[in-house]
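Me: I would like to go through the labels attached to this structure and ask what each one rests on. Please set the values against the cut-offs.

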Amino acid sequence: MIDPLELYAMGNSDSPDKVYVNVDEGMLYGMEFETRFGLERFWDKLTNFKFGANLTLVHSEVDKYGAGSGGFIYWKQTEKRRELNGQSPYLANLDLSYTNYRSSTTATLHYNIFGKRLSEVLTNGTPDVYELPRQSLDFLCSQKVWNGLKVKLSVKNILAEPYKFVHKLYGEQYVRRKYFTTQKISLGVSYEI
């Protein structure tokens with residue numbers, strides 16, 4: 001990559017100014033694997049069920065001493081290269097879905113997790129901030145109840161895992177920021193003419 005854009009944090013470590021900076025160059029490569037199949041292959045009574053999985057593996061690098069880094073001095077670290085800001089080394093998705101055309105019923109359970117990723121590049125001597133892996137689980141279903149009338153239910157963020165951002169200093173990990181988001185439940189009704 002030429003001139004990849006990254007988020008840098010400058011100034012006071014408690015409330016730094018955040019700016020986007022182009023670094024000179026970066027490299028990114030990876031692989032993606034995906035599968036999807038019906039569960040009737042294991043048991044004929046599971047005809048309406050399907051399973052899907054997706055795994056992405058990524059390796060990324062940027063030169064943190066390049067001129068595009070704005071001339072910031074990284075005396076706090078010894079490595080010349082590091083991973084690209086915001087890029088997880090892996091991302092995994094799993095889903096289990098149910099579809100019944102006779103009853104017009106659909107339901108899906110979706111799971112996602114990502115690997116630890118660089119969140120903020122700090123320039124004031126404080127170690128860079130990383131976002132830790134977080135699992136998410138969502139459930140969606142819809143049911144046709146009469147002619148064109150359909151009811152939809154959505155439950156998002158079932159696990160309600162916290163967002164956690166950390167930095168490491170002298171071999172110890174410190175929580176820089178942590179917050180929770182609530183589960184979101186929605187119920188909707190639609191009518192198709």
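Reply: The answers below concern a predicted model.

Me: Why is M31 called partly exposed?
Reply: Buried means under 20% relative accessible area and exposed means over 50%. M31 has 48% relative accessibility, so it counts as partly exposed. The residue is found in strand β3.

Me: What makes M31, F33, L55 and L57 a nonpolar patch?
Reply: A patch takes residues with over 30% relative accessible area and no salt bridge, and nonpolar side chains are joined within 5 Å. M31, at 48%, is over that 30% limit. Together the four residues have about 340 Å² of accessible area on the surface. Strands β3 (26-38) and β4 (49-63) each supply at least two residues of the patch.

Me: How do you know that E6 and R82 form a salt bridge?
Reply: The criterion is a side-chain nitrogen of Lys or Arg within 4 Å of a carboxyl oxygen of Asp or Glu. The closest N and O atoms of E6 and R82 are 2.7 Å apart, so the pair meets the criterion. E6 is in strand β1 (residues 5-10) and R82 in strand β5 (residues 81-82), 76 residues apart, and the pair links distant parts of the chain. Both residues are buried.

Me: What makes D95 and R36 a salt bridge, and are they buried or partly exposed?
Reply: The closest N and O atoms of D95 and R36 are 3.1 Å apart, which is within the 4 Å cut-off. D95 lies in strand β6 and R36 in strand β3, so the pair ties together parts that are 59 residues apart in sequence. D95 has 12% relative accessibility and therefore counts as buried, the limit being under 20%. R36 has a relative accessible area of 48% and is partly exposed.

Me: How do you know that E120 and R177 belong with the salt bridges?
Reply: Their side chains meet at 3.3 Å, N to O, again within 4 Å. E120 is in strand β8 (residues 117-122) and R177 in strand β13 (residues 172-179), 57 residues apart. With 3% relative accessibility, E120 counts as buried, whereas R177, at 30%, is partly exposed. A search of the whole structure finds four salt bridges.

Me: Why are β6 and β7 called paired strands?
Reply: Pairing needs at least two bridges between two strands. Ten bridges join β6 (residues 90-100) to β7 (residues 105-114), so the requirement is met, and the two strands run antiparallel. One of the bridge partners is N112 in β7, which is matched with N93. The two strands form a hairpin with four residues between them.

Me: What makes β7 and β10 a pair?
Reply: Eight bridges connect β7 with strand β10 (residues 136-146), in the antiparallel sense, and at least two are needed. L109 has F139 as its bridge partner in β10.

Me: What makes the phi of S104 worth a remark?
Reply: Most residues other than glycine have a negative phi. S104 is not a glycine, yet its phi is positive, about 55°. The residue lies in the loop between β6 and β7. Its relative accessible area is 29%, so S104 is partly exposed.

Me: How does N157 stand in that respect, and is it buried or exposed?
Reply: N157 is not a glycine either, and has a positive phi of about 60°. Its place is the loop between β11 (149-156) and β12 (163-169). With 10% relative accessibility, N157 counts as buried, because the limit is under 20%.

Me: What makes a set of residues around L118 a nonpolar core?
Reply: The residues must be buried, of a nonpolar type, and joined through side-chain atoms within 4.5 Å. The largest such core has ten residues, including L118, L84 and Y130. Leaving aside neighbours within four places in sequence, the contacts of L118 include L84, V129 and Y130. Apart from this core lies another, of five residues, among them L122, V129, Y163 and F165.

Me: Why is E40 called partly exposed, and what is it in contact with?
Reply: E40 has a relative accessible area of 37%, so it is partly exposed, between the 20% and 50% limits. The residue is in the loop between β3 and β4. Beyond four places in sequence, E40 is in contact with L46, T47 and F49. E40 and K50 are ten residues apart in sequence and 8.4 Å apart in space, C-alpha to C-alpha.

Notes. Residues are numbered from 1 along each chain as its sequence is written. This is a predicted model: local features need pLDDT of at least 70, side-chain atom pairs count only at pLDDT 80 or more; totals for chains, interfaces and linings use all residues. Side-chain values use heavy atoms; hydrogens and water are left out. Patches are made of residues with over 30% relative accessible area and no salt bridge: like charges are joined within 9 Å, nonpolar side chains (Val, Leu, Ile, Met, Phe, Trp, Tyr) within 5 Å. Accessible areas come from the Shrake-Rupley method with a 1.4 Å probe; for residues, only the protein chains shown count as cover. Buried means under 20% relative accessible area, exposed over 50%, partly exposed in between (1.4 Å probe, protein chains only). Contact means heavy atoms within 4.5 Å.
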